[in-house]
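Me: I should like to learn how to read annotated sites and strands from a structural model. Could we work through one case together, step by step?

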Amino acid sequence: MRMEEITNVTEYEAIAKEKLPKMIYDYYASGAEDQWTLKENRSAFSRILFRPRILVDVSKIDLSTTVLGFKISMPIMIAPTAMQKMAHPEGEYATARAASAAGTIMTLSSWATCSAEEVASTGTGVRFFQLYVYKDRNIVVQLVKRAERAGFKAIALTVDTPILGRREADIKNRFALPPNLTLKNFEGLNLGKIDKTDDSGLASYVAGQVDRSLSWKDVKWLQTITSLPILIKGVLTAEDARIAIEVGAAGIIVSNHGARQLDYVPATIVALEEVVKAVEGRVPVFIDGGIRRGTDVFKALALGASGVFIGRPVVFSLAADGEAGVRKVLQMLRDEFELTMALSGCRSLKEITRNHIVTEWDNRPRIAPRL
């Protein structure tokens, strides 16, 4: 398929599969174990239907929003995905430029193949830094300070990865970071390489470096080393949402790590409402996982999300067409989302309500009672 023939986000995956070495495509595409949650992250969206309102003047539609006080053009942001130079030589540089052009936020992975400073050098734009907590806390302090100095505006703390999930494709392929690439943020610390092992090289790296004793007290510790707001990424329950607020989180990202950690957790779109209800509007709640259409974005917002993050669509479009691919993904999602808003009778994000959708798991009557 020629690039100009692409009409939706999903079509980039097949092109990426064709272009990339098997080890790299499998690393991006696969989930944990049976990959039940991987399929469910997508299919759960199809169990939510619309209740569109008609004859609303939708001649003007405003998609803009603010996230942690930063104004962005739309509630669609870029999730942290590791090692983007495996997808395309420009890697995170290209993604950063595409996000900036779209007027939205990019989250840079700790395990990026461009450093925080290199990404900052691409120009203006609001960027968040995703953090893994290493056993050596000096490394964490250095990393956070560098992100601060490079102008990153928030820390997205990944909390669902004390140990790497069992990704069988990576085990079969003996996944390793290609020798010409390094984890740029760790280059000077002799932790920039992921070597081949008998297992997944990344699983071995995580077992050696990432702190599996990480607990809520460490979120408190993180607040003592940075003034940046901290988003807790990887919350799936009401209980943890409440604790996150108690320890001072600035926001929550409902995430199952792209279905790459614990298999048979619910789809994030299913877990979202439980978290939103527990939070009671005290902090913003975001979601990632399985978002491929503007309709998915609308459904997430109708269930109470303040915004969404996309991961795989970014690496697949990056592999297919570099920066232009990522720009097009963001534009297609924006256009589809705007269309969904118009056809649902919503002119701004605050007009998107729970009454605009019905879910298969709703016990509420199909017809809203007369007020």
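Reply: The dialogue below takes an annotated site and then a strand, and the model under discussion is a predicted one.

Me: Which residues does the UniProt annotation "binding site" cover?

Reply: According to the UniProt record, an unreviewed entry, the "binding site" annotation covers Tyr 27, Tyr 132, Arg 167, His 257 and Arg 260. From this set, Tyr 27, Tyr 132, Arg 167, His 257 and Arg 260 belong to the lining of the largest pocket.

Me: Where is Tyr 132 placed, and does it count as buried or exposed?

Reply: Burial is read from relative accessibility, with under 20% as the cut-off for buried. Tyr 132 counts as buried because its relative accessibility is 7%. Tyr 132 sits in the loop between strand S6 (127-131) and helix H6 (137-149).

Me: With which residues is Tyr 132 in contact, leaving aside neighbours within four places in sequence?

Reply: Tyr 132 is in contact with Ser 110, Trp 111, Val 140, Thr 158, Thr 161 and His 257. One of these, His 257, is also covered by the annotation.

Me: How should Arg 260 be read: why does it count as buried, and what does it touch?

Reply: The reasoning is as before: Arg 260 has 9% relative accessibility and therefore counts as buried. Arg 260 is located in the loop between strand S9 (251-254) and helix H11 (268-279). Not counting residues up to four places away in sequence, Arg 260 touches Tyr 27, Tyr 28, Ser 30, Gly 31, Ala 32, Gly 165, Arg 167 and Arg 312. For Tyr 28, a polar atom of the Arg 260 side chain lies 3.4 Å from the backbone oxygen.

Me: Let us turn to the strand that precedes Tyr 132. How many residues of S6 are buried, and which lie on each side?

Reply: In a regular strand, side chains alternate between the two faces of the sheet. In S6, Arg 127, Phe 129 and Leu 131 are on one side, while Phe 128 and Gln 130 are on the other. Both faces are covered. Five of the five residues of S6 are buried, so the strand is largely enclosed by the rest of the structure.

Me: Which strands are joined to S6 by bridges?

Reply: Strand S5 (residues 106-108) is joined to S6 by three bridges, and the two run parallel. Leu 108 has Phe 129 as its bridge partner in S6. Four bridges join S6 to strand S7 (residues 154-158), again in parallel. Here Leu 131 stands opposite Leu 157 in S7. The chain passes from S6 through H6 to S7 in a right-handed β-α-β crossover.

How values were computed:
Residues are numbered from 1 along each chain as its sequence is written. This is a predicted model: local features need pLDDT of at least 70, side-chain atom pairs count only at pLDDT 80 or more; totals for chains, interfaces and linings use all residues. Side-chain values use heavy atoms; hydrogens and water are left out. UniProt positions are given in the numbering used here, feature names are shortened, and annotations may be inferred rather than shown by experiment. On a 1 Å grid over the protein atoms alone, a cavity is a set of points where a 1.4 Å probe fits but cannot get out, and a pocket is an open set with protein on both sides within 12 Å along at least five of seven lines; lining residues have an atom within 4 Å of a point. Buried means under 20% relative accessible area, exposed over 50%, partly exposed in between (1.4 Å probe, protein chains only). Contact means heavy atoms within 4.5 Å. A polar contact is a pair of N or O atoms within 3.5 Å; within protein, one must be able to donate a hydrogen and the other to accept it, and residues adjacent in sequence count only if both atoms are side-chain atoms. Two strands pair if DSSP finds at least two bridges between them. A crossover is right-handed if, with the strands pointing away from the viewer, the path from the first strand over the helix to the second runs clockwise.
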